[in-house]
Amino acid sequence: MEAEAAIPPLDTSDPALIPDPWPTFTTLRERDPFHWSKYGYWVVSRHEHVRDVLMNRKDFGTGDFAANLRLFYGPDFDVLANPAYRWLSEVFIMQDPPQHTRIRNLVVGSLTAKRVRAMEPRIREIAQALTDGFKARGSADLITEFAYKFPVMVICDLMGIDYEASEMADLIAAIPEAFTVFEARILSPEELALANRRILELEAFFQAQFENRLAHPRGDLLTSLARTGQEPGGLSVHEAITVTIGLFGAGFETTANIIGNGLHALHANPEQWARLVADPSGMASGACEEALRHQSSLIATYRTALADTSVCGHPVSAGQRVLTLIGAANRDPRKFADPDRFDIARNDADHLTFGGGIHFCVGAELARIEARVAFEHLARELPQMQVDTGGACWRENFLFRGLTGLEARWPAQA
Ligand code: HEM
């Protein structure tokens with residue numbers, strides 16, 4: 001029998017992973033489901049294993065934030081001297097109970113399902129305003145003119161921030177440049193310096209917003225978050241700023257990407273676009289769920305073993321880090337039939353795109369409404385659009401998978 005070739009250690013900074021990570025994910029999942037990566041952490045890729053890690057709050061958590069980063073930068077690196085890593089270490093996604101529980105409860109208390117569902121009519125208006133802006137032209141870049149602007153405008157509306165204000169374009173551009181600190185790799189000195197500068201700018205902006213809300217309360221999310229500080233155990237202004245940068249960025253980065261990735265998949269599989277166009281309101285929810293599964297806009301997350309433990313029988317030592325490859329788990333044939341097929345009638349929401357356990361995405365409801373409204377609206381407004389899927393440009397990062405551009409054309413209207 002021929003020996004199987006060894007699988008090279010996964011390097012998440014490999015540019016070949018950007019346009020098409022799926023063959024590598026399949027290799028890992030099928031041939032080396034407990035993989036030791038180039039940077040010295042475990043990589044799990046099967047649905048059962050990823051789920052097991054994310055749900056196991058007893059044995060897995062954030063662990064030692066600084067030590068995790070020194071895996072990439074070496075033992076002498078002063079992690080918290082970098083404002084961007086200092087910020088990340090304070091965001092509740094990077095914290096363990098009880099601090100995580102306290103902050104998460106305060107956020108969930110402000111970002112209630114009721115508040116989010118009540119936004120749907122406004123979300124529809126925003127989608128309409130955007131397509132009204134370019135429909136007559138007969139062409140648009142679906143990413144810059146729709147997929148990105150749409151969730152940015154929604155999160156600004158929810159927070160009570162003026163999207164049209166002069167500083168907004170720069171502030172929005174700050175998010176992807178600051179969020180590089182989420183990537184499970186070493187950043188270049190230039191990338192890190194930029195992330196540091198951007199976090200300081202974001203903190204200054206939201207500091208001013210909170211001072212304003214405390215002096216002049218309104219009915220928006222920022223006022224709600226600021227108000228928690230008036231109760232015992234509520235958010236201090238510093239905590240509110242930290243959380244809000246996370247909510248603001250998470251509120252559009254991943255959602256913009258899922259809308260863009262979904263549009264790309266719908267047009268790379270034209271029979272699926274035709275199905276959506278035939279019944280926009282009936283099929284939009286299925287299109288959203290399948291885009292989430294097949295085109296996860298957050299490819300992975302990570303945990304650290306808090307004690308010696310195991311994942312489905314595989315030993316993991318205390319302090320070891322585990323990258324959970326959500327994108328690979330969502331295409332595990334043990335879980336999903338014919339998993340590489342994009343099928344908007346699949347009707348299976350058991351993907352792991354919003355994570356699981358105590359860190360399950362607090363914005364899942366909002367993201368689902370936005371993606372459903374986006375797909376339904378575009379299928380109704382621009383059913384004849386032709387999309388240049390071959391010319392799509394992917395963003396140069398691994399964790400946040402999305403497009404920078406996607407050109408579409410349709411018969412122009414007088
Ligand atoms: C398609 C869009 C989205 C995707 C794919 C996504 C994905 C995720 C995932 C995988 C996690 C868990 C991370 C982990 O376990 O380490 C998470 C957590 C989180 N998400 Fe989302 N998200 C999306 C949209 C949003 C939106 C719209 C918001 C805010 C309005 C948001 C805010 C958050 C926050 C604050 C957490 C941390 C929760 C915690 O640690 O308890 N996300 N998201």
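## Strands, helices and a ligand shell in a predicted model

Strand β9 is joined to strand β12 (residues 407–409) by 2 bridges, and the two strands run antiparallel. This description, like everything that follows, concerns a predicted model. Within the pair, valine 387 has alanine 408 in β12 as its bridge partner. These two strands belong to an open sheet of 3 strands, which has the order β4-β12-β9 and antiparallel pairing. Because β4 (139–141) and β9 (386–387) each have a single partner strand, they stand at the edges of the sheet, and one side of each is left without a neighbour there. As a general point, the strands of a sheet pair through backbone hydrogen bonds, either parallel or antiparallel.

Both kinds of pairing are found around strand β8 (residues 321–324), since β2 runs parallel to β8, whereas β5 runs antiparallel to β8. The table sets the two pairings beside the one already described.

| Strands | Bridges | Direction | Partner residues |
|---|---|---|---|
| β2 (residues 42–44) and β8 | 3 bridges | parallel | tryptophan 42 and valine 322 |
| β5 (residues 301–305) and β8 | 4 bridges | antiparallel | tyrosine 302 and leucine 323 |
| β9 and β12 (residues 407–409) | 2 bridges | antiparallel | valine 387 and alanine 408 |

Strand β8 is also covered on both of its faces, with Arg321 and Leu323 buried on one side and Val322 and Thr324 buried on the other.

Among the helices, α9 (residues 149–159) is mostly covered, as 9 of its 11 residues are buried. The buried residues are Phe150, Pro151, Val152, Met153, Val154, Ile155, Cys156, Leu158 and Met159. Which helices do the buried residues of α9 pack against? They pack against α7 (120–134), α8 (143–147), α10 (168–178), α12 (221–227), α13 and α17. After α9 comes glycine 160, whose phi is positive, near 80°.

Helix α17 also contains alanine 371. Is alanine 371 buried or exposed? Alanine 371 counts as buried because it has 26 C-beta neighbours inside 10 Å, and the cut-off for a buried residue is 20 or more. Leaving aside residues up to four places away in sequence, alanine 371 touches Thr255, Ile258, Ile259, Gly262, Cys288 and Ala291. One of these, isoleucine 259, is 112 residues apart from alanine 371 along the chain, yet the C-alpha atoms of the two are separated by 5.7 Å.

Another pair of helices is formed by α14 (residues 270–278) and α15 (residues 280–294), whose axes come within 6 Å and cross at roughly 135°. That crossing angle makes α14 oblique to α15, because angles from 65 to 115 count as roughly perpendicular and those over 145 as roughly antiparallel, which leaves this one in between. In the contact, Arg275, Leu276 and Val277 of α14 meet Pro280, Met283, Ala284 and Ala287 of α15. By class, the contact has 6 nonpolar residues, no polar residues and 1 charged residue.

The ligand, finally, has 23 residues around it, of which Thr254, Gly355, His359, Cys361 and Gly363 come nearest. Helices α13 (237–268) and α17 (364–381) each supply at least two residues of this shell, and α13 gives the most, with 7 residues. Divided by class, the shell has 12 nonpolar, 10 polar and 1 charged residues. The helices α13 and α17 thus appear in two settings, as contributors to the shell around the ligand and as packing partners of the buried residues of α9.

How values were computed
Residues numbered from 1 in each chain as written. Predicted model: local features only at pLDDT ≥ 70, side-chain atom pairs only at ≥ 80, totals over all residues. Near = placed C-beta within 6 Å. Nonpolar A, V, L, I, M, F, W, Y, C, P; charged D, E, K, R; others polar. Axes fitted to C-alpha atoms, helices over the stretch in contact; angles between N-to-C directions. Parallel < 35°, antiparallel > 145°, perpendicular 65-115°, else oblique. Contact = placed C-beta atoms within 7 Å. Buried ≥ 20, exposed ≤ 12 C-beta atoms within 10 Å, placed from the backbone. Pairing = 2+ DSSP bridges.
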